[in-house]
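Thanks for sharing this one; here are my notes, set out point by point. Please read them with the structure open beside you.

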Amino acid sequence: MIRRYQGTGRMSRVVVHNQTIYLCGQTGRSAGNTIEIQTEEVLKKIEVLLNEHGSNKQNILSVTIYLKSMDLFQGMNSVWDNFVIDGYEPARATVEAQMAHPDILVEMSVIAARK
């Protein structure tokens, strides 16, 4: 069974298929904020959505991270490394990408298992 949540007519914020949760790209868009602050915002959003749909950060399977510039990689990782629990590291890819809004520095798309 497929369930879609918070649809906009263009996309769903969350899709659940069987025991797998798919989150659309989560961004931290606070104007003028650093990559560290935006990364913290994104990770908090991810945790909230996973908790709302029967999962948590220990059940993240895969994350695709989009950065406005690879120059931001170390700053993003400084926050990411504190978020990830040893032994529960997901598969991950990080790429540089043009963002939909100039204030967005980071976007993360997540696939997770339900508890």
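1. Let me start with the two helices of this predicted model. Helix 1 (residues 35-52) and helix 2 (residues 73-83) cross at roughly 35 degrees, and their axes come within 8 Å. The crossing is right-handed. From helix 1, the contact uses Ile35, Glu36, Thr39, Glu40, Leu43 and Glu47, and from helix 2 it uses Gly75, Met76, Ser78, Val79, Trp80 and Phe83. Sorted by class, the contact between the two helices comprises six nonpolar, three polar and three charged residues.

2. Staying with helix 2, its buried residues are Gly75, Met76, Asn77, Val79, Trp80 and Phe83. The cover over these buried residues includes helix 1, strand 4, strand 5 and strand 6. Asn82 also lies in helix 2, but with a relative accessibility of 67% Asn82 counts as exposed, because the cut-off for exposed is over 50%.

3. Now the sheet. In what order do the six strands of the open sheet stand? The order is 1-2-3-6-4-5, with mixed pairing. Strand 1 (2-7) and strand 5 (91-96) are at the edges and have a single partner strand each, so one side of each lacks a neighbour in the sheet. From one strand to the next, the twist averages 10 degrees.

4. The pairing of strand 1 with strand 2 (residues 12-17) is worth following next. These two strands run antiparallel and are joined by five bridges; Arg3 has Val16 in strand 2 as its bridge partner. Their hairpin has four residues between the strands, and Gly9 there takes a positive phi near 90 degrees.

5. Strand 2 goes on to meet strand 3, again with an antiparallel run, through four bridges. Val14 has Leu23 in strand 3 as its bridge partner. In this second hairpin two residues lie between the strands, and Asn18 has a positive phi near 55 degrees.

6. Strand 6 has two pairings to check. With strand 3 the sense is antiparallel, over six bridges, and Gln26 stands opposite Met108 in strand 6. With strand 4, strand 6 also runs antiparallel, and seven bridges join the two; here Ile65 stands opposite Met108. Met108 therefore makes a handy landmark when you step through these pairings.

7. Strand 4 and strand 5 pair in the parallel sense, over six bridges. A place to look is Ser62, which stands opposite Ala91 in strand 5.

8. Which side chains of strand 6 are buried, and which are not? The side chains alternate along the strand: Val106, Met108, Val110 and Ala112 point to one face and are buried, whereas Glu107, Ser109, Ile111 and Ala113 point to the other face and are not.

9. The largest nonpolar core has 25 residues, and the members that touch the most others are Ile46, Trp80 and Met108. Two or more residues come from each of strand 2, strand 3 (20-27), helix 1, strand 4 (60-67), helix 2 and strand 6 (106-113). Helix 1 provides the largest share, six residues. Beyond its neighbours within four places in sequence, Ile46 is in contact with Leu23, Gln26, Ile60, Met108 and Val110. Trp80 appears again here, having been listed in the contact between the helices and among the buried residues of helix 2.

10. Two residues in the strands deserve a look of their own. Ser12 is in strand 2 and has a relative accessible area of 19%; Ser12 is buried because the cut-off is under 20%. Setting aside neighbours within four places in sequence, Ser12 is in contact with Arg4, Tyr5, Gln6, Gly7 and Cys24. Thr27 belongs to strand 3 and counts as buried at 16% relative accessibility. With its neighbours within four places in sequence left out, Thr27 is in contact with Val42, Lys45, Ile104, Val106 and Glu107.

11. Finally, how far apart are the C-alpha atoms of Asn82 and Ser12? They are separated by 29 Å, and the two residues are 70 residues apart along the chain. Asn82, as noted, counts as exposed, whereas Ser12 is buried.

Technical notes: Residues numbered from 1 in each chain as written. Predicted model: local features only at pLDDT ≥ 70, side-chain atom pairs only at ≥ 80, totals over all residues. Heavy atoms only, no water. Buried < 20%, exposed > 50% of the residue type's maximum accessible area, 1.4 Å probe, protein only. Contact = heavy atoms within 4.5 Å. Axes fitted to C-alpha atoms, helices over the stretch in contact; angles between N-to-C directions. Left-handed = near helix turned anticlockwise from the far one by under 90°. Nonpolar A, V, L, I, M, F, W, Y, C, P; charged D, E, K, R; others polar. Core = buried A, V, L, I, M, F, W, Y, C linked by side-chain atoms within 4.5 Å. Pairing = 2+ DSSP bridges.
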